Amino acid sequence: MNHYFTNEENLKSNIHLLEIYIRDKRYLLYSDNGVFSKKGLDFGTKVLIDALPFNKITGDVLDVGCGYGPIGLCVKNETSSNVDMIDVNLRALHLSKMNAKKNNLDVNIFESDAYSNVNKKYDYIFTNPPIRAGKKKLYEILRGAYAYLKDNGEMWFVIRKNQGANSAIRDISDLYNVELKSKVKDYFVLCATKKNKDVDNA
Ligand SMILES: C[S@@+](CC[C@H](N)C(=O)[O-])C[C@H]1O[C@@H](n2cnc3c(N)ncnc32)[C@H](O)[C@@H]1O
């Protein structure tokens with residue numbers, strides 16, 4: 001079975017260009033078979049982006065599970081921040097790189113399984129996390145962010161109620177203060193900030 005988060009080398013490639021409006025701005029983004037939401041902007045991604053605090057985003061930003069790039073590229077386009085984007089899906093990474101170039105956006109894109117290749121701390125971590133990769137991976141991303149956030153950093157993520165939003169809030173609340181920033185249909189946008197700022201081992 002093909003999942004958007006696995007590397008399916010044998011899956012036929014069909015790179016095509018999407019015209020996508022994000023926060024009323026037009027982007028031309030390449031998409032392909034084997035990547036998340038290949039036909040257009042995912043609704044959860046839109047709900048997350050619409051909730052982000054664009055007027056204060058600055059410093060270092062990490063987009064975890066960037067797919068073909070809508071979150072990181074939009075943040076780079078609309079803020080003065082330094083944006084890193086990571087994924088495990090090589091096709092998604094290739095597309096993100098093409099899309100950064102196509103839209104003239106200077107971002108840093110690299111392969112990383114959760115934070116395995118990440119070696120700095122961020123002011124903001126944004127993610128529409130890979131729910132279908134399983135709870136263990138989800139928590140590796142959500143709980144693992146702790147070590148890659150600066151003391152006053154914020155992790156913003158979107159999760160649906162029926163995908164375990166409430167249990168996710170409960171299960172990370174030992175590490176973070178978690179605030180509901182937006183709720184559209186059953187999509188929750190949550191902002192997590194560090195509780196115990198001098199402890200690094202999540
Ligand atoms: C729900 S999709 C979001 C994609 C993109 N950010 C968007 O909003 O369209 C989750 C992404 O996480 C990636 N992913 C899955 N497992 C991962 C892991 N262990 N580490 C990093 N990224 C992962 C998937 O390949 C996929 O691109």
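Two residues are in contact if their C-beta atoms, placed from the backbone, lie within 7 Å. Keep that in mind for the next few minutes. The model on the screen is predicted.

So, contacts. Take the ones in the protein between residues at least 6 apart in sequence. Of these, 64% join residues at least 24 apart.

Now the parts list. The protein has 5 helices and 9 strands. Start at the N terminus and read along. The order is β-β-α-β-α-β-α-β-β-α-β-α-β-β. How compact is the protein for its length? Its radius of gyration is 16 Å, and the globule rule gives 17 Å for 202 residues. Those values are close, so the protein is as compact as a globular protein of that length. Along the principal axes, the C-alpha trace spans about 45 × 40 × 35 Å. Of the 202 residues, 40% are buried.

Let's zoom in on one residue, Ile159. Where is Ile159 placed? It sits in strand S7, which covers residues 149-160. Buried or exposed? The cut-off for buried is 20 or more other C-beta atoms within 10 Å. Ile159 has 25, so Ile159 is buried.

Who touches Ile159? Leave aside its neighbours within four places in sequence. Then Ile159 is in contact with Pro129, Gly164, Ala165, Ala168, Phe188 and Leu190.

One last pair: Ile159 and Pro130. They are 29 residues apart in sequence. In space, C-alpha to C-alpha, Ile159 and Pro130 are 9.7 Å apart. Find both on the screen, and trace the chain from one to the other.

Notes: Residues numbered from 1 in each chain as written. Predicted model: local features only at pLDDT ≥ 70, side-chain atom pairs only at ≥ 80, totals over all residues. Helix = DSSP H or I, 4+ residues; strand = E, 2+ residues; numbered from the N terminus. Rg over C-alpha atoms; globule rule 2.2 N^0.38 Å. Buried ≥ 20, exposed ≤ 12 C-beta atoms within 10 Å, placed from the backbone.
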